[in-house]
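Thank you all for coming. I would like to take you through one protein this morning, going slowly enough that you can follow each step on the screen.

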Amino acid sequence: RYDPFRIPVGPLGCNMVIIADPETMEAVLVDPGGDPERIISLINSKGYIIKQILITHAHLDHILATAEVKEYTSAPVFYHEGDRQLWLSLPLQCMFLGLPSPNKTLKPPENALQDGQELLVRGGRCLYTPGHTQGSCCFYFPNDSVLVSGDTLFCGSIGRTDLPGGSYEQIMESLRSKILNLPDDTRVITGHGEETTIGSEKAQNPFLKNN
């Protein structure tokens with residue numbers, strides 16, 4: 001198994017994740033949520049060759065450094081088009097939280113994620129998991145028993161559904177149909193905070209214990 005690299009970035013401590021082939025160092029980078037200079041320095045120091053930039057959802061704290069990282073790596077950016085309007089609302093999102101808008105214009109990505117889409121490294125695939133937002137996705141790497149869950153699943157909780165585009169019924173259906181059926185030992189790298197496992201969440205998460 002490959003051990004992914006994770007660091008919190010940006011104003012709300014989004015977990016940016018890099019999953020790489022340890023031999024070729026070709027990698028996918030998930031959720032460049034801020035601190036572009038730090039991310040670029042990390043890419044350089046580790047020798048990663050970024051092949052895809054993957055977005056779990058288009059809340060500002062998961063995308064703020066996308067333009068800089070794309071410009072530096074020339075890697076294509078992928079997101080689910082269900083979050084197009086959310087992406088376009090980035091200046092409003094920043095204003096709502098009292099944050100400055102990004103230095104570089106962030107146009108919606110040209111590459112659309114599809115449910116089940118294969119990713120370019122480590123046998124990963126996209127799981128479309130709407131609920132937190134209409135375009136929320138998780139990224140599953142079965143060869144490494146790793147799920148990058150974005151803000152769909154947290155240690156002891158689930159993503160909030162009271163923001164525009166959120167739906168409690170949808171997120172629960174996404175969790176039941178796409179997430180809870182993964183192996184119990186699957187390591188879950190969440191969008192914020194500490195990691196967990198599928199088995200731990202099935203046993204202890206108050207939103208999931210009876211599902």
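**Two sheets and a helix**

Let me begin with a pair of strands, E7 and E8, the latter covering residues 137-141, which run antiparallel to each other and are joined by four bridges. Within that pair, Arg125 has Tyr140 of E8 as its bridge partner. I should say straight away that what you see is a predicted model, and that the values I quote are computed from it.

These two strands belong to an open sheet of five, whose order is E7-E8-E9-E12-E13 and whose pairing is mixed. At its edges lie E7, residues 125-128, and E13, residues 196-197, each of which has a pairing partner on one side only. As a reminder for anyone who does not look at sheets every day, strands pair through hydrogen bonds of the backbone, and they may do so in a parallel or an antiparallel sense.

Where in this sheet do we find a parallel pairing? E9, which spans residues 146-150, and E12, which spans residues 187-190, pair in the parallel sense over four bridges, and in that pairing Leu147 is matched with Val188 of E12. E12 then pairs with E13 as well, this time antiparallel and over two bridges, with Thr197 in E13 as the bridge partner of Arg187. Those last two strands make a hairpin with five residues between them, and in its turn Gly193 takes a positive phi of about 80 degrees.

Let me now turn to the other sheet I want to discuss, which is open, has six strands in the order E1-E2-E3-E4-E5-E6, and again shows mixed pairing. Here the edge strands are E1 and E6, the latter being residues 111-112, and each of them pairs on one side only.

E1, residues 5-9, and E2, residues 14-20, are antiparallel and share five bridges. If you follow the register along the two strands, Phe5 is the bridge partner of Ile18 in E2, Pro8 stands opposite Asn15, and Val9 stands opposite Cys14. The hairpin that they form has four residues between the strands, and Gly10 has a positive phi near 80 degrees there.

On its other pairing, E2 is joined to E3, residues 26-30, by four bridges, and these two strands also run antiparallel. Ala20 stands opposite Ala27 of E3, and the hairpin of E2 and E3, with five residues between the strands, has Met25 at a positive phi near 65 degrees.

How many of the residues of E2 are buried? The count is seven of its seven residues, and so the strand is mostly covered in the sense of the definition, which calls a residue buried when its relative accessible area is under 20%. In a regular strand the side chains alternate between the two faces of the sheet. In E2 both faces are covered, with Cys14, Met16, Ile18 and Ala20 buried on one side and Asn15, Val17 and Ile19 buried on the other.

A helix residue is in contact with some of these strand residues, and I find it a useful one to look at. Leu42 sits in helix H1, residues 36-46, and it counts as buried because its relative accessibility is 10%. Setting aside neighbours within four places in sequence, Leu42 is in contact with Phe5, Ile7, Met16, Ile18 and Tyr48. Leu42 and Ile7 are 35 residues apart in sequence, while their C-alpha atoms are 10.0 Å apart in space.

Finally, let me step back to the whole protein, which has six helices and 13 strands. Its radius of gyration is 16 Å, close to the 17 Å that the globule rule gives for 211 residues, so the protein is as compact as a globular protein of that length. The C-alpha atoms fill a box of roughly 45 × 45 × 25 Å along the principal axes, and buried residues make up 53% of the 211. Of the contacts with a separation of 6 or more, 60% are between residues 24 or more positions apart. The accessible surface comes to about 9,400 Å², with 49% of it belonging to carbon and sulfur atoms. As for charge, there are 17 positive and 25 negative side chains, and the centres of the two sets lie 0 Å apart.

Key. Residues numbered from 1 in each chain as written. Predicted model: local features only at pLDDT ≥ 70, side-chain atom pairs only at ≥ 80, totals over all residues. Heavy atoms only, no water. Rg over C-alpha atoms; globule rule 2.2 N^0.38 Å. Buried < 20%, exposed > 50% of the residue type's maximum accessible area, 1.4 Å probe, protein only. Contact = heavy atoms within 4.5 Å. Areas by Shrake-Rupley, 256 points an atom, 1.4 Å probe, with all protein chains shown as cover. Lys, Arg positive; Asp, Glu negative; His and termini not counted. Charge placed at Lys NZ, Arg CZ, Asp CG, Glu CD. Pairing = 2+ DSSP bridges.
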